[in-house]
Amino acid sequence: MPTEEIRVRGTVQGVGFRPTVYRLAKACGLRGDVCNDGQGVLIRVSGSEEALTEFVARLQTECPPLARINQLTRIIYEGEFNFDNFVISSSVNSAIKTEIVPDAATCPQCQQEIFDPFSRFYRYPFTNCTHCGPRLSIIRAIPYDRRNTSMSAFVICPKCAKEYHDVENRRFHAQPVACHACGPTAWLERADGKSVTASMFSMLDDVDAVCTLLQKGEIVAIKGLSGIHLACDATQETAVQKLRQRKRRYHKPFALMARDIEVIEEYCTINAKEKELLTSSAAPIVLLQASGKKQLASPVAVGQNTLGFMLPYTPLHHLILRRMNRPIVLTSGNLADEPQCIDNDEARGKLETIADYFLFHNREIINRVDDSVVRVIGDKVQTIRRARGYAPAPISLPLGFHNLPQILAMGSELKNTFCLLRQGEAILSQHLGDLENAGAFNAYQETLNLYLNLFEHQPEVIAIDKHPEYLSSKLAKELADTNQIKIYPIQHHHAHIAACMAENGIPLDSPPVLGIALDGLGYGDDGTLWGGEFLLADYRKFKRLATFKPVAMIGGEQAIYHPWRNTYAQLIAANLWDDCQQQYTDLEIVKFLNKKPLKLLNQLIEKRINSPPASSVGRLFDAVAAAIGICPEECSYEGQAAIAMEAIVDVSSLNNDKETLIYPFSFSFSDSIYCIDPRPMWKALLNDLQQQIAQPVMAAKFHKGLANAILEMVKHLCQENLINQVALTGGVFQNCILLEQVSKRLQTLGIKVLTHSLVPANDGGLSLGQAVIAAAQLIEEC
């Protein structure tokens with residue numbers, strides 16, 4: 001009978017892969033063995049041709065839920081073979097490079113057990129198996145063994161040990177396996193320090209009592225899988241408003257959790273793809289269209305037409321929500337802009353003025369991992385925040401990026417991630433937040449050190465953003481100086497485009513694409529701030545072909561949070577402020593701006609005092625939103641005005657092809673670069689304001705006009721440069737309407753459109769782009 005050696009590479013260690021191989025080999029009547037080694041899983045197997053073919057086919061179709069096969073190769077085995085049965089052998093060599101899989105939502109079997117009164121896992125909040133449970137959040141070091149996780153504090157009991165060593169059991173080698181007898185425990189505390197007794201609630205246990213507290217309108221801090229959350233009943237106006245005031249998160253939408261899909265469907269419309277995401281092992285927050293059938297408390301998502309829902313992803317959450325037939329708010333346990341708390345004592349100190357009660361447990365969270373956020377646009381998933389459930393799963397790199405030295409990319413300042421490049425794959429960290437916050441920057445450094453150790457990564461090259469003041473870049477320079485490592489500064493928008501190319505599998509030596517990078521801002525090669533760029537780019541280099549007209553950011557960073565500053569700067573740049581004083585004096589926005597210190601603002605613009613010119617499309621969105629009356633005075637988070645404007649767009653105007661329902665833009669060419677000028681758009685918008693055209697109609701006209709301007713520029717640039725691929729990237733392309741409008745128009749011209757799915761279009765995906773550009777430039781130098 002033929003004997004084969006089957007090599008399987010991918011996420012195949014620590015996910016129940018060997019027991020699956022064992023079960024399938026037995027079912028197919030094969031002899032041999034399976035073991036882990038430094039490259040993945042190695043199978044030596046003997047049997048009939050038919051049995052071997054069936055075995056390999058079933059191995060791929062019946063792969064464990066958390067496993068991922070990247071490559072499976074079969075060769076004739078000619079070595080010594082002395083097996084009369086099929087067995088699991090010990091791992092080969094001591095240096096097993098186990099991939100760290102993401103934390104995974106509770107599997108159906110574990111869900112069933114926690115609600116089964118006859119199961120020994122009945123109502124146990126930390127039930128898990130190889131198909132689900134904590135991974136990244138509890139690991140300290142490699143290899144991924146119990147002793148190197150926070151589960152080392154808990155001595156495994158005989159019953160759990162028996163399942164752990166039973167190859168037929170789904171808990172075979174499940175490192176966090178535990179039960180009531182030997183594992184972590186949860187308990188309830190009052191924030192005021194007074195004792196909590198079961199008689200207060202007459203509930204089954206402290207976890208069950210949380211449900212009653214939420215129903216009574218209390219705010220409860222809940223320690224979960226990879227962080228502490230703040231929860232309240234999402235239908236109670238007073239509770240949600242109280243949470244907003246105490247947390248100092250005044251406008252940004254709250255994330256929601258519901259017991260099951262049926263509860264979510266009472267508030268949102270859900271398509272098949274969205275349902276698949278909600279019920280996946282990643283269990284992200286999914287942005288869903290609000291249906292209006294039932295209403296949540298109004299402060300949950302102010303000025304939004306979408307709601308961010310997730311399903312319970314731990315036994316703890318399932319048990320809390322068992323009796324809850326309405327959604328709860330489940331938002332990060334922190335003060336605004338600070339990192340999420342993960343430690344019990346830290347939470348007691350920082351959240352005592354926010355939460356009324358704490359539900360704690362005694363399993364240490366080693367690594368903070370925020371909830372991931374995704375949405376579905378058309379039939380494609382768009383990742384907005386890549387964290388729990390997705391990180392640190394590797395991303396396969398395109399052809400040409402193999403056999404490279406190890407590379408570290410440090411990411412940006414906001415929405416930071418870093419990236420490790422090795423062996424033809426990119427390992428992107430979880431979302432780490434805004435590094436301008438001291439706590440986030442400290443967490444960034446700790447997480448970076450952890451990843452470098454976990455993945456035995458010794459970078460020979462470090463890639464950074466060109467912005468001279470980014471903390472991530474400054475840290476990289478310190479590392480480089482200490483370890484004699486070469487640094488590659490990468491232009492911000494080139495990195496955005498390269499990230500989009502890489503995740504779409506564009507090979508290293510492909511011809512350039514036209515990259516359209518629209519965002520808040522990034523440091524340009526000419527020392528100015530860019531944010532509306534058309535770049536002819538491959539992985540090695542780029543050429544700036546076109547941009548949006550630069551406009552002053554009055555007050556620098558203040559312009560991000562005061563949309564009116566952008567409106568005034570745009571009107572000045574368009575030479576329309578005199579017209580406003582003569583023809584449009586009755587407009588609310590003109591009255592509003594006339595109350596500002598315009599003489600001082602004009603001096604700031606003229607002398608460029610803390611008012612740098614920027615070609616930012618993000619700020620253009622803010623300017624238009626403020627002009628039509630959306631958040632003109634102040635925003636509490638970047639993009640708030642733009643997101644609110646997207647939410648009110650009139651769909652009938654959007655789908656109407658009349659030219660009168662599209663705001664015009666103009667085009668110019670100077671200094672070897674094309675420029676899109678919004679002046680005609682502003683003139684038309686002021687006229688619409690004077691005629692009291694409805695906000696939703698004006699919002700639609702702006703989105704369509706901008707999409708049309710982008711299309712016209714692309715048509716010209718593609719013809720001039722013989723391009724047929726366009727990459728859409730940058731945070732502005734998280735705007736669903738703009739992305740769909742631009743994509744649809746380009747596709748009608750036969751242009752291939754590349755968009756993001758695996759990594760965020762915003763700065764959360766930037767480190768991937770930095771890494772592949774550095775790799776490409778390194779290859780060219782060699």
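Hi everyone, let's start with one pair of residues: Ile222 has His229, in strand β8, as its bridge partner. Before I go on, please keep in mind that this is a predicted model.

So where does that pair sit? Ile222's side of the pairing is strand β7, residues 220-223, which runs antiparallel to β8 over four bridges. If you follow the chain from β7 to β8, you pass through a hairpin of four residues. β8 also pairs with strand β13, residues 328-332, again in the antiparallel sense, this time over five bridges. One contact to look for there is Asp233, whose bridge partner in β13 is Ile328.

Is β8 enclosed or open to the outside? Strand β8 covers residues 228-233, and six of its six residues are buried, so the rest of the structure largely encloses it. As a general point for the newer people here, side chains in a regular strand alternate between the two faces of the sheet.

Now to a helix. Please find α23, which spans residues 695-721 and has 27 residues. From its first C-alpha to its last it reaches 39 Å, close to the 39 Å expected at 1.5 Å a residue. Just after α23 comes Leu722, and its phi is positive, near 55°. While we are on helices, a handy rule is that an α-helix has 3.6 residues a turn, so residues three or four places apart point the same way.

Next, the cysteines. How many disulfides does the structure hold? The count is zero. Take Cys179: its nearest cysteine sulfur belongs to Cys157 and is 3.6 Å away, and Cys179 is in no disulfide. The cut-off for a disulfide is 2.5 Å between the sulfur atoms, so a pair has to be within that distance to count. Cys179 is also buried, with a relative accessible area of 4%. Then there is Cys268, also in no disulfide, with the sulfur of Cys736 as its nearest at 15 Å. Cys268 counts as buried too, at 2% relative accessibility.

Let's move on to the empty spaces. How many cavities of 30 Å³ or more are there? The structure holds five of them. The largest has a volume of about 120 Å³. It has 18 lining residues, and those nearest its centre are Pro125, Leu225, Thr314, Pro315 and Arg363. By class, that lining has nine nonpolar, seven polar and two charged residues.

The second largest cavity has a volume of about 100 Å³. Its lining is made of 15 residues, with Lys549, Val551, Gln570, Ala614 and Ser616 closest to the centre. Which element gives the largest share of that lining? Helix α19 does, with three residues. Here the classes are nine nonpolar, four polar and two charged.

Last stop: the second largest pocket, with about 740 Å³ of space. Its lining counts 28 residues, and Arg68, Ala282, Gly389, Tyr390 and Ala393 lie nearest the centre. Elements giving two or more residues to the lining are α8, β16, β17 and α13. Among these, α8 provides the largest share, three residues. The lining as a whole has 15 nonpolar, seven polar and six charged residues.

That's my tour, and thanks for listening!

Terms used: Residues numbered from 1 in each chain as written. Predicted model: local features only at pLDDT ≥ 70, side-chain atom pairs only at ≥ 80, totals over all residues. Heavy atoms only, no water. Buried < 20%, exposed > 50% of the residue type's maximum accessible area, 1.4 Å probe, protein only. 1 Å grid on protein atoms, 1.4 Å probe; cavity = no way out; pocket = protein on both sides within 12 Å on 5 of 7 lines; lining within 4 Å. Points joined across faces, edges and corners; volume = space filled by probe spheres on them. Nonpolar A, V, L, I, M, F, W, Y, C, P; charged D, E, K, R; others polar. Expected span 1.5 Å × (residues − 1). Pairing = 2+ DSSP bridges.
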